[in-house]
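Visitor: I am new to this structure and would like a close look at a single part of it, namely the pairing of charged side chains. Could you take me through that part slowly, and then show me how the rest of the protein is arranged around it?

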Amino acid sequence: REAVLGYFSEVIKLNERRVQIQVDPLQVGTDGFLMNLTSVLLHFADPIMDLLNPKIDRIDVNYFRKSNRIDISRETKIKATKQEADAYFSIVDESASAPNFVSEIFFLTITMHHYGPLHCYEKYNAFIRDISELQKQYDRMRADQHNWAGTPMAARNEEILAHCKTQLEKLTSHRIAYETQLLDQVYLDHSLKFYNLVMNWMLRIVDPTGKHPEKQIQLPLPPTPPDTFAMLPEYIFEDVTELFLFVAKYTPRSCVASQDVLIVFIITFLKSSSYIKKPYLKAKLVEILFYFTFRNDREGGIVDLLNSHPLALNHLLPALMSFYVEVEQTGVHTQFYDKFNIRYNISQIFKEIWGNHIHKEKLKEESRNIDSFVRFANLLMNDVTFLLDESLRKLAEIHSIQNEMDNREEWESKPQQYRQERESTLRADERSATSYMSLGNETVNMLVYMTSEVADPFLTPQMVERLAAMLDYNLKSLVGPKCTELKVRNPETYSFKPKDLLSQLVNIYLNLCKHKEFIQAVARDRRSYDRTYFSKAASILLKFGLNSEKNVSVLEKFVNEVEKTIKLEIEGEEELGDVPEEFLDPVLFSIMEDPVILPGSRVSVDRSTITTHLLSDSTDPFNRMPLTIDQVIPNTELKKRIDDFRREKRRK
């Protein structure tokens, strides 16, 4: 027995370099060798996975402190720094018994998976990306052939095309051979069954009662994870996510036995966000949910579970909303673009569960915590603003280049280099427009159903004016004087459906139109608001049957209320006359309602202005020093003078 365990351990040590970025394949074992050894270990692990006689309680949580069979000293830990881990593992209980055989097999199987199948899945993902990029390069050269045919570059380009075609054929045969092993359903089911055990074991560690899965784990968990979990190698957690992502992306069905455990695992660690150090690991949990929500029941779809499992009904929606906020700052240089992909996945999960009334009630419950919900809603609105602005700008650029190319005589007279540059710009704009528009559509959709259920957080002083301005600006873009700049060929290829987008924006107006705060906010938007845009929008909605006459009538009444409010505000401004500059907010230049002093810069601003700013940026806008809303100081003296000024003007 010891010789066999030692053999597996030696294989692992000799193959640690397999996961490095650059490695000489002759210095490590082959994919097939590691896959085969993993299969052998899975058979050793079968008794541990026996559902009728589980041995999960015999897996030693202190294995890595008792044994040096697997070296994890250089491995990143789930929630610990290197110094913390070194200190933890330096304490050895000499009286502790050696790990049992169950623990040896369990951890060897995990680690062999890490260097074997899981690394193969990573290589396969990269392989698929390479094939896709080569295919795109080949397609672009074919599409551009008319430009270089008959030029001095023609012979060289033909050689490149022929080489690309040969490479694609060769890579395709490699892909098929790779998939024969990696997509073998028997092998995958065996791995999935084992990782079912791994997930339950990790949940058992963090369960304060230590009874999971005999008695399911309950949330919320304590704020700090136990050391036995925090000190585990990060790859144990990450390999769970990578295995299920591989299954979700590339296999037609999944192991049904793992679904319930998978749901509990994902929701537990999304809800207990502080247990996982790196946001990208939690993003993978969301990505797994995203992929499996698009499968039907026969393919391992999980929508029914998300709409029926008690843990999902109680904690999924709050956990997704919390993570939506968390990914604003991930700490990596690609965080600005990463967050949109993660939030797109979240929006798709929201869409799939939105029909369930229990999830809707949970949203209403969450909205009562105004501060946290406003933070979420603010980021949702920031995304809508950026994504629609960028996508509509890209569409205008596409429109300009397409018009230029449509004038064939003038286009052909341009230098070849100029044409190639413009065509390259067009392709880049098309990619950007498609991406931004897809994300923007889903984010607007979220805003529609959020405002249909909970209006109050969107009517707070720090939110309502920004929301009104965003809606008015985009309405102007779609039906205003420059709307013709968005006319492009085949707009649906860019996910641009202007009539549907217009309908969605109008639905948000309809969801909020009965609230005085929203009416006043639209009335104060002097940059984009124009009643003629609403009239044009109403005509389009009725013409194409996108909304009912009743709703259009409600929209008209809303516009009339806005017009009345504008008239009253203009009369009020005339009454006040010239307002002293010190009474004006230095950011919005409107008279302050509740002036506060920023402690660092000593500048006085309106409380709603600085509250809105701090939702996206936790610094003083005037000196960039860290700032929180509880640090601002009410400027009671200035407020009294503003109130006295108003009373004096009214008396006159």
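Guide: In this model, which is a predicted one, the count of salt bridges comes to 39. Side chains of opposite charge can pair when their charged atoms come close.

A good place to begin is Glu-412, which forms a salt bridge with Arg-408, the closest N and O atoms of the two being 2.8 Å apart. Because Glu-412 and Arg-408 are four residues apart in helix H19, which covers residues 408–413, they are separated by about one helical turn. Glu-412 is partly exposed, with a relative accessible area of 42%, and Arg-408 is also partly exposed, with a relative accessible area of 45%. Glu-412 has another partner as well, since its side chain meets that of Arg-419 in a salt bridge with an N to O distance of 3.3 Å. Arg-419, at a relative accessible area of 13%, is buried, because buried means under 20%.

A further pair is made by Arg-524 and Glu-465, whose closest N and O atoms are 2.7 Å apart in a salt bridge. This pair links distant parts of the chain, for Arg-524 is in the loop between helix H23 (516–523) and helix H24 (531–543), while Glu-465 is in helix H21 (residues 461–479), and the two are 59 residues apart. Arg-524 has a relative accessible area of 35% and is partly exposed, and Glu-465, with 34%, is partly exposed too. Elsewhere, salt bridges that share partners join Glu-328, Lys-339, Arg-343 and Asp-383 into one network.

Around these charged pairs lies the rest of the protein, which has 652 residues, 49% of them counting as buried. There are 27 helices and three strands in the protein, and along its principal axes the C-alpha trace spans about 100 × 75 × 50 Å. The accessible surface comes to about 31900 Å², and 52% of that surface belongs to carbon and sulfur atoms. Among contacts between residues at least 6 apart in sequence, 76% join residues at least 24 apart.

From the charged side chains one can turn to the nonpolar ones. The largest nonpolar core has 166 residues, and of these Phe-229 and Phe-558 touch the most other members. Helix H18, which covers residues 370–406, gives the most to this core, with 14 residues. A second core, separate from it and made of 11 residues, includes Phe-127, Trp-148, Leu-161 and Leu-171. When residues up to four places away in sequence are not counted, Phe-558 touches Tyr-509, Cys-513, Phe-518, Ile-519, Val-522 and Phe-534. Cys-513, one of the residues that Phe-558 touches, counts as buried at 7% relative accessibility, and Cys-164 counts as buried at 4%. As for bonds between cysteines, a disulfide is a covalent bond between the sulfur atoms of two of them, and the structure holds zero disulfides.

Another buried residue is Val-261, which has a relative accessible area of 10% and is found in helix H12 (residues 259–271). Leaving aside its neighbours within four places in sequence, Val-261 is in contact with Asn-196, Met-199 and Asn-200. Val-261 and Asn-200 are 61 residues apart in sequence, and their C-alpha atoms are 7.0 Å apart in space.

Nonpolar side chains are found at the surface too, where Val-4, Val-40 and Phe-44 make a nonpolar patch of about 220 Å². Phe-44 has its place in helix H2, which covers residues 31–49, and with a relative accessible area of 34% Phe-44 is partly exposed.

To return to the part you asked about, Glu-412 pairs with Arg-408 within helix H19 and also meets Arg-419 in a salt bridge, whereas the pair of Arg-524 and Glu-465 links distant parts of the chain.

Notes: Residues numbered from 1 in each chain as written. Predicted model: local features only at pLDDT ≥ 70, side-chain atom pairs only at ≥ 80, totals over all residues. Heavy atoms only, no water. Patch = residues over 30% accessible without salt bridge, like charges linked within 9 Å, V, L, I, M, F, W, Y side chains within 5 Å. Areas by Shrake-Rupley, 256 points an atom, 1.4 Å probe, with all protein chains shown as cover. Salt bridge = Lys/Arg side-chain N within 4 Å of Asp/Glu carboxyl O. Buried < 20%, exposed > 50% of the residue type's maximum accessible area, 1.4 Å probe, protein only. Core = buried A, V, L, I, M, F, W, Y, C linked by side-chain atoms within 4.5 Å. Contact = heavy atoms within 4.5 Å. Disulfide = S-S within 2.5 Å.
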